[in-house]
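Visitor: I should like a close look at a single part of this structure, a pair of neighbouring strands, followed by an account of how the rest is arranged. Please take the strands as the starting point.

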Amino acid sequence: MFESLTDKLSSALRNLRGVGQLTEANMAAALQEVRTALLGADVHFKVAREFVERVQSQCVGQEVLKGVAPGQQVVKIIHDELVRLLGEGSAALSPARPLKVLMVGLHGSGKTTTTAKLGKLLRKRGYNTPFAVACDVYRPAAIDQLEILAKQEDIGFYADRVSKDVPAIAAAGLAAALAANADLILFDTAGRLQIDHDLIEEVKKLSARIQPDEVLLVADGALGQEAVNVAKAFHDALALTGLILTKLDGDARGGAALSIKSITGVPIKFVGTGEKTGEFDTFYPDRLASRILGMGDVVSLVEKAQENIDQKEAERMAEKMRKADFNLEDFLAQMQQVKKLGSMQSIMGMMPGMSGMQVPEGAEKQMARTEAIIQSMTIQERRKPELLNGNRRKRIADGSGTKIAEVNALMKQFQQMQQMMKMMKGGGAKKMMRQLEAMKGKGRFPGM
Amino acid sequence: MFGLFKKFKSGLAKTVAAIAAKTHGLFGGRKIDAASLEELEEALYTADFGVETTAEILKEIKEAYRQDPGLQGKQAAELGAAVLRRVLAGSEGVLAGGARPPGALGSENAPGGRVPPSNPTVIALIGVNGSGKTTTSAKLGWLLKQDGRGVTLAACDTFRAAAVEQLKSWATRLDLEIVASHTGADSAAVAFDAWQAAKARHRDFLIVDTAGRLHTKSNLMDELAKIRRVLQKNDPTAPHHAWLVVDGSLGSNSIEQARVFHKSFGLTGLVVTKLDGTSRGGAIVGIWRELRLPIYFLGLGEQPEDLQPFNAANYARAVFGLDD
Ligand SMILES: Nc1nc2c(ncn2[C@@H]2O[C@H](COP(=O)(O)OP(=O)(O)OP(=O)(O)O)[C@@H](O)[C@H]2O)c(=O)[nH]1
Ligand SMILES: [Mg+2]
């Protein structure tokens with residue numbers, strides 16, 4: 001989400017390389033570029049200025065460390081400052097049970113989908129009986145949308161398709177949820193402009209009626225300068241307790257996150273990373289800051305993997321890789337594990353240096369074909385790929401509805417993979433990194 | 001037609017009111033000085049104009065200020081609006097045969113009234129999630145209908161939960177004709193059927209609402225290509241318009257959206273929504289600069305009549321708070 005900002009920061013700081021020490025003069029030039037980069041990334045004008053000023057005062061006051069390029073030093077200072085800013089306040093939810101959560105935001109920011117996503121995620125975290133109350137009586141079919149999602153995720157649901165009295169609907173929904181012994185009650189509301197006086201009054205009344213433990217602003221990660229006005233007005237009206245950033249699977253630079261955080265001080269709690277209800281996660285400031293600086297979001301990939309992948313299986317796989325004893329059966333198993341992580345594009349988004357990259361057209365289809373090919377092999381063939389002579393390959397191609405050339409290509413790729421693992425085993429990790437770099441340079445997604 | 005034109009004008013007055021609310025004061029009768037120049041820079045950035053346009057406007061105002069230190073705020077605003085007008089020259093989209101005041105209708109249908117077209121004019125609305133496609137489809141259908149045109153809506157968002165129901169309930173409310181299937185159906189097949197229906201009933205326009213998709217997802221972009229292919233089986237020139245619906249409150253990412261959608265789908269124009277808030281939708285200026293995609297309509301609210309033709313001069317004046 002912050003890739004372009006990262007690019008700009010690195011180019012702005014490249015100029016600092018080779019400079020003997022940080023002076024106000026050489027800092028000023030670079031920081032001017034940082035400011036431009038922040039503005040280009042939709043960080044609010046005032047926020048960008050203050051951020052740069054703070055970083056500047058920290059930099060100039062510091063001695064140049066020996067053996068460290070001034071650029072790196074500045075990156076470190078910016079990184080720390082970003083982590084501090086983004087991470088202020090606790091991302092933890094109120095411990096109240098049942099937990100009452102009010103979702104608010106502009107039109108089309110993603111409240112309804114996020115309501116279902118939050119229910120699903122929190123169920124994994126120990127809320128057993130989530131419940132959703134539909135309070136958007138304005139947008140046509142908004143109630144239907146929430147109902148469908150709630151059913152799909154097995155979340156309790158309340159709606160009133162007749163009344164337009166939103167606070168009363170919410171109160172009735174609360175009663176229904178309590179009667180159902182819900183331990184998590186989510187209130188989805190209509191999108192509203194922060195300057196729409198009547199609708200802001202309405203949601204204030206709603207809030208007063210249900211007394212939420214959490215009031216979460218759902219904001220589009222691609223919001224522009226407007227983010228500040230929006231967040232401020234919603235915060236003034238409802239005393240927000242948290243922020244959810246959505247649509248971060250796109251390539252928006254996400255400067256809005258920085259703006260909203262610094263203007264309201266409200267902690268960022270969750271991020272949405274796709275249309276599927278599972279594509280939702282806790283917000284981690286250090287990861288976001290790392291991502292801003294181009295280090296990729298490796299940690300969250302690892303964590304996501306942990307939630308979805310069988311731990312023992314992963315360890316077994318790692319062990320096999322280490323021993324370079326990795327056959328096609330393992331390859332198939334691994335592919336199936338990867339699929340559990342989400343779409344290839346969303347996985348790419350979390351890989352260092354690849355977040356801006358496109359999954360090549362047809363890559364998902366390609367993966368399905370590869371799967372079909374391996375599935376057409378006998379167990380023996382999968383374990384001992386060297387068995388695959390011409391006849392067997394022909395049979396496999398026919399069985400999987402592919403061409404022999406495709407089977408050959410897969411086998412060749414697999415051999416390369418094995419070689420790479422052998423290199424790793426022999427301490428050739430560096431060599432492998434170079435190969436990966438080369439692949440990246442060609443804009444190709446490695447493997448599969 | 002004339003009655004409608006009046007409504008457009010009052011609608012534009014609404015743009016002005018909405019957009020100008022914030023800038024006004026800054027450009028009052030006050031003399032320009034270093035401090036107000038900085039405020040000006042801030043105002044330009046906070047309108048999401050982006051670095052390039054902001055720099056261009058500032059440069060011109062600074063130059064004028066250098067030549068005439070007595071420059072007044074109001075004059076600076078006029079200068080800014082002039083730059084914006086210049087930048088936006090040619091950016092007004094004109095929907096031929098569609099909802100435009102008589103003078104703007106173009107020569108296509110003149111003289112002597114209009115002949116029913118042999119094929120419906122197809123308008124496809126595309127964009128990222130939640131940008132306002134469905135609402136715009138409904139509003140546009142209503143507008144064209146008010147203008148005496150025959151309209152069919154195609155509910156081609158078969159992906160998002162209740163998207164079909166959303167457009168259907170608009171159709172019922174505004175008494176518009178609609179062709180829809182169910183969630184999970186093949187969107188291209190819906191487009192095909194809708195075209196056939198529009199054709200059989202001699203409709204002037206077919207408005208195709210599509211599922212929201214982020215421009216970064218190539219598989220979803222393929223689905224759009226399929227809708228196009230299928231429409232072209234009916235009429236090789238369809239869709240005649242492919243408009244990107246842009247959320248006016250978004251920042252510079254709108255430019256990237258437009259770039260990618262244009263590259264993969266071939267856009268012909270823009271609709272900018274949600275300008276009834278305090279955002280000034282400055283990102284469209286960046287899109288116009290780079291891609292030269294005309295802007296057809298602005299969305300100024302959730303009611304059917306809140307879709308207004310884009311007028312560059314009005315927009316420029318509104319941004320600088322020049323119409324009181
Ligand atoms: N204030 C305001 N709200 C708008 C405008 N246009 C659309 N909306 C609202 O924005 C929200 C999303 O609009 P939709 O038309 O559902 O957007 P969409 O692009 O079809 O959304 P998806 O199909 O989910 O991608 C709804 O609540 C609309 O009422 C506008 O011009 N002003
Ligand atoms: Mg829609």
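Guide: In chain A of this predicted model, strand β6 (residues 242–246) runs parallel to β7(A), and 3 bridges join the two. One of the facing positions can be named: A:I244 in β6(A) has A:F270 of β7(A) as its bridge partner. Strand β7(A) spans residues 268–272 and is mostly covered, with 5 of its 5 residues buried. In general, strands of a sheet pair through backbone hydrogen bonds, and the pairing may be parallel or antiparallel.

The chain around this pair may be described next. Chain A has 448 residues, of which 43% count as buried, and its secondary structure comes to 20 helices and 8 strands. Among its contacts between residues at least 6 apart in sequence, 75% join residues at least 24 apart.

The sheet of chain B can be followed strand by strand. There, 8 strands form an open sheet with mixed pairing, in the order β3-β2-β4-β1-β5-β6-β7-β8. The edges are held by β3 (177–179) and β8 (307–309) of chain B; each has a single partner strand, so one side of each is left without a neighbour in the sheet. From one strand to the next, the twist averages 25°. At the β3(B) edge, strand β2 (residues 151–156) of chain B runs parallel to β3(B) and is joined to it by 3 bridges. Within this pair, B:T152 stands opposite B:E177 of β3(B). Helix α7 (residues 187–200) of chain B packs on the sheet, where it touches β1 (121–126), β2, β3 and β4 (205–210) of chain B. The direction of α7(B) makes about 170° with that of β2(B).

The two chains also meet each other. Their contact takes 36 residues from chain A and 34 residues from chain B. On the side of chain A that touches chain B, α2 (24–40), α6 (142–152) and α9 (226–238) of chain A each supply at least two residues, and α6(A) gives the most, with 4 residues. By class, the residues on this side of chain A are 13 nonpolar, 13 polar and 10 charged.

Ligand 1 lies between chains A and B. Of the 25 residues around ligand 1, those that come nearest are A:H107, B:T134, B:T135, B:G212 and B:G299. Helix α5 (residues 133–146) of chain B gives the most to this shell, with 3 residues. The shell divides into 3 nonpolar, 14 polar and 8 charged residues.

Confidence should be considered alongside these details. For the complex, the predictor gives an ipTM of 0.86 and a pTM of 0.76. Chain B averages a pLDDT of 84, and 84% of its residues score at least 70. Within chain B, confidence is highest in β2(B), at 98, and lowest in helix α1 (residues 2–23), at a mean of 47. The pLDDT stays under 50 over residues 1–9 of chain B, a stretch with 9 contacts beyond four places in sequence in the model. It is also below 50 over residues 98–113 of chain B, which have 19 contacts beyond near neighbours in sequence. Where pLDDT is low, the predicted coordinates should not be read in detail.

Technical notes:
Residues are numbered from 1 along each chain as its sequence is written. Chains are lettered from A and ligands numbered from 1 in the order in which they are written. This is a predicted model: local features need pLDDT of at least 70, side-chain atom pairs count only at pLDDT 80 or more; totals for chains, interfaces and linings use all residues. Two residues are in contact if their C-beta atoms, placed from the backbone, lie within 7 Å. Ala, Val, Leu, Ile, Met, Phe, Trp, Tyr, Cys and Pro count as nonpolar, Asp, Glu, Lys and Arg as charged, and the others, Gly among them, as polar. A residue is buried if 20 or more other C-beta atoms lie within 10 Å of its own, exposed if 12 or fewer, and partly exposed in between; C-beta atoms are placed from the backbone. Two strands pair if DSSP finds at least two bridges between them. Axes are lines fitted to C-alpha atoms, for helices over the stretch in contact, and angles run from 0 to 180 degrees between N-to-C directions. pLDDT is the predictor's confidence in each residue, from 0 to 100. A residue is near a molecule or strand if its C-beta atom, placed from the backbone, lies within 6 Å of it.
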